[in-house]
Amino acid sequence: MAITAAHVARAPRIRLGMVGGGRDAFIGAVHRIAARIDDQYELVAGCFSSDAEKSLASAADLGVARAYASFAEMAAKEARRKDGIEAVAIVTPNHMHAPVAMQFLKRGIHVICDKPLTHTLSEAKKLARAAEASGVVFALTHNYTGYPMIRQAAAMVAAGDLGEIRLVQVEYAQDWLAEPVEETGQKQAGWRTDPARSGAGGSTGDIGTHAFNLANFVSGLTVEELAADLQAFVPGRRVDDNGHVLMRYQGGARGMLWCSQVAAGQENGLRLRIFGTKAGIEWEQENPNYLWVSPLGQPKHRLTRGGAGSGAEAGRVTRIPSGHPEGYLEGFANIYAEAARAIIARRDGSAPDAAVTFPGLKEGLEGVAFVDACVRSSARNAAWVKLNL
């Protein structure tokens with residue numbers, strides 16, 4: 001008998017809600033695309049804006065039947081429905097992450113939250129305690145950890161291919177805030193340069209946390225202390241738009257992190273280099289399907305996504321044959337797919353496969369502690385400070 005789609009059992013799609021991400025929002029659409037790529041989620045409800053009228057209009061745009069005027073109403077009503085949401089995606093400005101998440105956590109609804117975890121460290125610690133007590137799946141969308149060649153790089157480091165890690169160099173450079181665009185009414189610049197909404201860190205919170213998380217994920221190291229020199233180059237800007245950070249890792253390795261949103265000509269220049277006693281590796285987000293490997297005393301060579309030498313860790317998050325570009329949206333989708341595996345396992349009362357990997361509360365706390373430490377250090381003329389974890 002021929003096997004048809006009707007004979008293939010699959011888990012029912014996860015009923016997903018969204019808070020934020022309505023009309024004129026950038027990241028909400030990215031999350032919705034990512035959630036749909038592997039067909040594991042169905043968006044069934046949302047509070048897409050703090051403006052009730054805009055939330056309803058956004059829901060109509062998206063064909064979402066259950067639209068709410070507030071996230072508190074959404075959490076309460078969805079929790080009472082038999083067909084209510086199982087997970088919520090939080091895609092608001094930073095200052096709203098914690099209050100929104102709290103409403104859903106206390107009702108046992110899984111959370112997929114945009115980074116950073118919160119806009120203050122005290123709030124992050126409170127949220128982490130609440131999430132751990134609730135027992136739900138909590139995923140943080142540090143999407144770059146979902147790239148196949150980043151999984152490859154992390155696997156190589158863990159296997160000892162680089163030897164003992166000595167040096168970690170990471171940078172994330174953009175230029176979109178090189179001028180005071182927040183004064184023009186540009187929505188994305190407006191909240192990202194407002195410390196009441198973004199938190200005390202500007203570029204450090206927005207993109208520095210990505211660089212910090214990526215370096216930690218691949219190296220497997222833990223930062224013990226750092227020294228940061230932060231600047232607001234644009235006159236009148238209230239948060240940093242550039243930062244240089246020295247890092248000391250447990251075990252003796254050293255690191256440097258540069259994040260900037262005023263680097264003319266840079267679009268999305270996230271770049272990672274790690275050097276050990278045996279070899280070095282290099283990866284850049286704008287060419288994400290390549291990982292360069294430099295064994296000590298041997299010719300430098302390139303590994304490609306899906307190509308020869310690429311291992312199982314990269315393969316399990318690879319969708320299309322080698323030579324076809326795969327990047328930003330697929331990286332996001334990999335985080336959603338990994339979270340889905342954990343949610344479905346929780347639904348079934350089982351444990352997810354050991355290979356399931358996604359950023360969560362630990363990474364969220366580390367990211368907010370990184371920003372806090374950078375701000376404290378810079379205020380003391382780049383003094384060395386420990387992360388307050």
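This report describes a nine-stranded sheet, the helices that pack on it, and selected salt bridges in a predicted model.

## Basis of the description

Residues are numbered from 1 along each chain as its sequence is written, and side-chain values use heavy atoms, with hydrogens and water left out. Because the model is predicted, local features need pLDDT of at least 70 and side-chain atom pairs count only at pLDDT 80 or more, while totals for chains, interfaces and linings use all residues.

## The sheet

Nine strands form an open sheet with mixed pairing, in the order S14-S13-S12-S11-S7-S10-S9-S8-S15. Strands are DSSP runs of E with at least two residues, helices are runs of H or I with at least four, and both are numbered from the N terminus; two strands pair if DSSP finds at least two bridges between them. The edge strands, each pairing on one side only, are S14 (301–304) and S15 (385–386).

At the S15 edge, strand S8 (residues 223–231) pairs with S15 in the antiparallel sense over two bridges, and Leu226 stands opposite Val385 in S15.

## Helices on the sheet

Helix H6 (residues 148–158) packs on the sheet and touches strands S7 (165–173), S12 (279–284), S13 (290–295) and S14, its direction making about 25° with that of S13. Contact here means heavy atoms within 4.5 Å, and angles run from 0 to 180 degrees between N-to-C directions of axes fitted to C-alpha atoms, for helices over the stretch in contact.

Helix H9 (residues 203–219) lies across S7, S8, S9 (242–249), S10 (254–260), S11 (269–276) and S12, and runs at about 150° to S10.

## Salt bridges

The count comes to 26 salt bridges, where a salt bridge is a side-chain nitrogen of Lys or Arg within 4 Å of a carboxyl oxygen of Asp or Glu. One of them belongs to the sheet: the side chains of Glu225 and Arg248 meet at 2.9 Å, N to O, linking distant parts of the chain, since Glu225 lies in strand S8 and Arg248 in strand S9, 23 residues apart. Glu225 counts as buried at 16% relative accessibility, whereas Arg248 is partly exposed at 26% (buried means under 20% relative accessible area, exposed over 50%, and partly exposed in between, with a 1.4 Å probe and protein chains only).

Asp372 and Arg376 also meet in a salt bridge (2.9 Å, N to O); these residues are four apart in helix H12 (residues 361–379) and are therefore separated by about one helical turn. Asp372 is partly exposed at 24%, as is Arg376 at 30%. Elsewhere, salt bridges that share partners join Arg66, Glu78, Arg81 and Asp83 into one network.
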